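Thanks for coming. I will go through one structure this morning, a piece at a time, and you can follow along on the screen.

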Amino acid sequence: MTDDDQELGITESKSHDTGEWYAEVVQKAGLANYGPEGMSGFIVTRPRGYALWEAVQNALDAKFKETGVQNAYFPMFIPESYLEREKDVVEGFDPEVAWVTHGGHEELEERLAVRPTSESIIAPYIARWVRSHRDLPLRVNQWCSVVRWEATETKPFFRTKEFLWQEGHTAHETDEEALEETMLRLDQYESVYEDVLAIPVLRGQKPPHDKFPGAKTTTTVEALMPDGKSVQGATSHHLGQSFAEAFDITFSDVDETERTAHTTSWGISWRCLGALIMTHSDEQGLVLPPTVAPEQVVVVPIWQADTKEDVLEYAEGVAEDLEEAGIRVELDDRDEHNPGFKFNEHELHGVPLRIEIGPNEVEDGELTLVHRPDGESDVVDRADASGTVRSHLDEIYAKLYAAAEENLDGEIREADDRAEILGTLGRHGGYVETPWCGEEACETEIKEQIAAEIVMVPFEEDDDLLGEDHEETCGVCGDPAERTAYFAKSY
Ligand SMILES: [Zn+2]
């Protein structure tokens, strides 16, 4: 993989080599670079890439705050003894932890872990802050980075040793409230995918053997990528009392009895940007929904020497109107590039809507609009430019969502027996929906043969494969089925 973002244009094909194509889009659209030599697994997020993260952050942060969450910040280092305390609950991230052993020239008495996740440093403080039932529910969130020292090939936003995320941690009086909290956060993640990133998702639980260590339930939203693999989009964990017990999160109840709290944790990482880029982009480069695009509209004036003045003035007026209406617009009046070059560059960068303005548009009082995702163009009246542009931006969002939804709908297939599961996954990828007995061994068998796993088990109320009578049998072993499982290869 090269780190050359000078050359314009994507050379790899999306369907031929999705991985290489993806790496090229990330570089050439100016989203990220690889880290310094000797630091494989780290990336530098450039302003255009960071703007996408900020869009996700802003949308989610508003939702969190509307629902009782406060932001806080905890140290990036965790004393080894704190991580040890968690061991009763969690067989942790040990091999993946990066350790600090020295401060300056001094060897530390106790090694410090660079946080792989922060339960073990946040929980003791929640324990301090919670005294009585009046302190509950308690909800804190932090936006930060975490480090997991996995030695795999770097894939920007999908696989990096350090990644950005948010982690929310809450404590509640009852198990029921903790479960409600878990589901509320899952709903908010689903909404960010569907309403901000234009990606439909499947929601459900991780199979019991794959839940977060110590959790009662891990819930997930899963997004299907164009190469037929599933991405775990965000997770929300119902932790029950295991962490509260390990870290003494207790409260005195109305009747003065000392009780143990019920906790949750939930997170989304910048992997959602990976899903965003991979889902919508094409062979011309990045494609973005207007919701997250740093520039929603680019105005490209097209002039000759004798028309330059009029065209520019008209284009400036249009850009000003849009800006005043709160639309993120760029006027590309650079002299040194011709319109064709500009078109290509803005397509590569994923600007959702282009407005072309030449002498004809000026004369007729019109605008030519071109949609980035499919090149559809429309000549519209100059009057009420902002209203017209807004409705075109909505149309572009709807197009992207519809395409992703069509892809997802076509990639969920039912299978009733082992041969069908293996054959379907092998031929098509995507999701295979099958009745499942609940045993990990049945997943292992599929995993060993085709590297696919159970990425999701639908919630019971969403489970339409199992009839009321539960007479289905497990697609792998033939024993009575308990649940429906979605098998897929995954990121
Ligand atoms: Zn089975």
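I will start with a pairing: Leu 138 stands opposite Ala 171, which is in strand E8. Before going further, note that this is a predicted model.

Leu 138 belongs to strand E7, residues 138-147, and E7 pairs with E8 in the antiparallel sense over 10 bridges. E8 also has a second partner, strand E14, residues 262-269; those two run antiparallel and are joined by 8 bridges. One contact there is between Thr 170 and Thr 264, the latter being the bridge partner in E14. How many of the residues in E8 are buried? The strand covers residues 162-172, and 10 of its 11 residues are buried, so far as the 20% cut-off for relative accessible area goes.

Next, a helix. Thr 182 sits in helix H5, residues 175-195. Is Thr 182 buried or exposed? Its relative accessibility is 0%, and because buried means under 20%, Thr 182 counts as buried. Thr 182 and Leu 239 are 57 residues apart along the chain, and their C-alpha atoms are separated by 9.0 Å.

For another pair, take Ala 32 and Glu 107. They are 75 residues apart in sequence, and from C-alpha to C-alpha they are 35 Å apart in space. Ala 32 is in strand E1, residues 32-34, and with a relative accessible area of 0% Ala 32 is buried.

Now the metal site. Which protein residues donate to the zinc ion? They are Cys 437, Cys 442, Cys 474 and Cys 477, each through its SG atom, at 2.3 to 2.4 Å from the zinc ion. In sequence, the spacing of these donor residues is C-x4-C-x31-C-x2-C. Two of them, Cys 442 and Cys 477, link distant parts of the chain: they are 35 residues apart, with Cys 442 in helix H13, residues 440-450, and Cys 477 in the loop between strand E22, 453-458, and strand E23, 483-488.

Why is the arrangement called tetrahedral? The 4 donor atoms subtend angles of 102 to 117° around the zinc ion, and the label applies because all angles lie between 85 and 135 degrees.

As for cover, Cys 442 is buried, at 5% relative accessible area. Cys 477 is at 34%, so it is partly exposed, as that falls between the 20% and 50% cut-offs.

That loop leads on to E23. All of this strand is covered, with 6 of its 6 residues buried. In a regular strand, side chains alternate between the two faces of the sheet. In E23, Arg 483, Ala 485 and Phe 487 point one way, while Thr 484, Tyr 486 and Ala 488 point the other way. Both sets are buried.

E23 pairs with strand E21, residues 431-436, in the antiparallel sense over 5 bridges, and there Trp 436 stands opposite Arg 483. E23 also pairs with E22, again antiparallel, over 3 bridges. In that pairing, Met 456 has Tyr 486 of E23 as its bridge partner.

Last, the surface. Tyr 73, Met 76 and Phe 77 form a nonpolar patch there, and together they have about 310 Å² of accessible area. Phe 77 lies in strand E4, residues 77-79. Phe 77 has a relative accessible area of 34% and is partly exposed.

That is what I have. I can go back to any part on the screen.

Technical notes: Residues numbered from 1 in each chain as written. Predicted model: local features only at pLDDT ≥ 70, side-chain atom pairs only at ≥ 80, totals over all residues. Heavy atoms only, no water. Patch = residues over 30% accessible without salt bridge, like charges linked within 9 Å, V, L, I, M, F, W, Y side chains within 5 Å. Areas by Shrake-Rupley, 256 points an atom, 1.4 Å probe, with all protein chains shown as cover. Salt bridge = Lys/Arg side-chain N within 4 Å of Asp/Glu carboxyl O. Helix = DSSP H or I, 4+ residues; strand = E, 2+ residues; numbered from the N terminus. Buried < 20%, exposed > 50% of the residue type's maximum accessible area, 1.4 Å probe, protein only. Donors = N, O, S within 2.8 Å, 3.2 Å for Na, K, Ca; no water. Tetrahedral: all angles 85-135°; square planar, octahedral: opposite > 155°, others 65-115°. Pairing = 2+ DSSP bridges.
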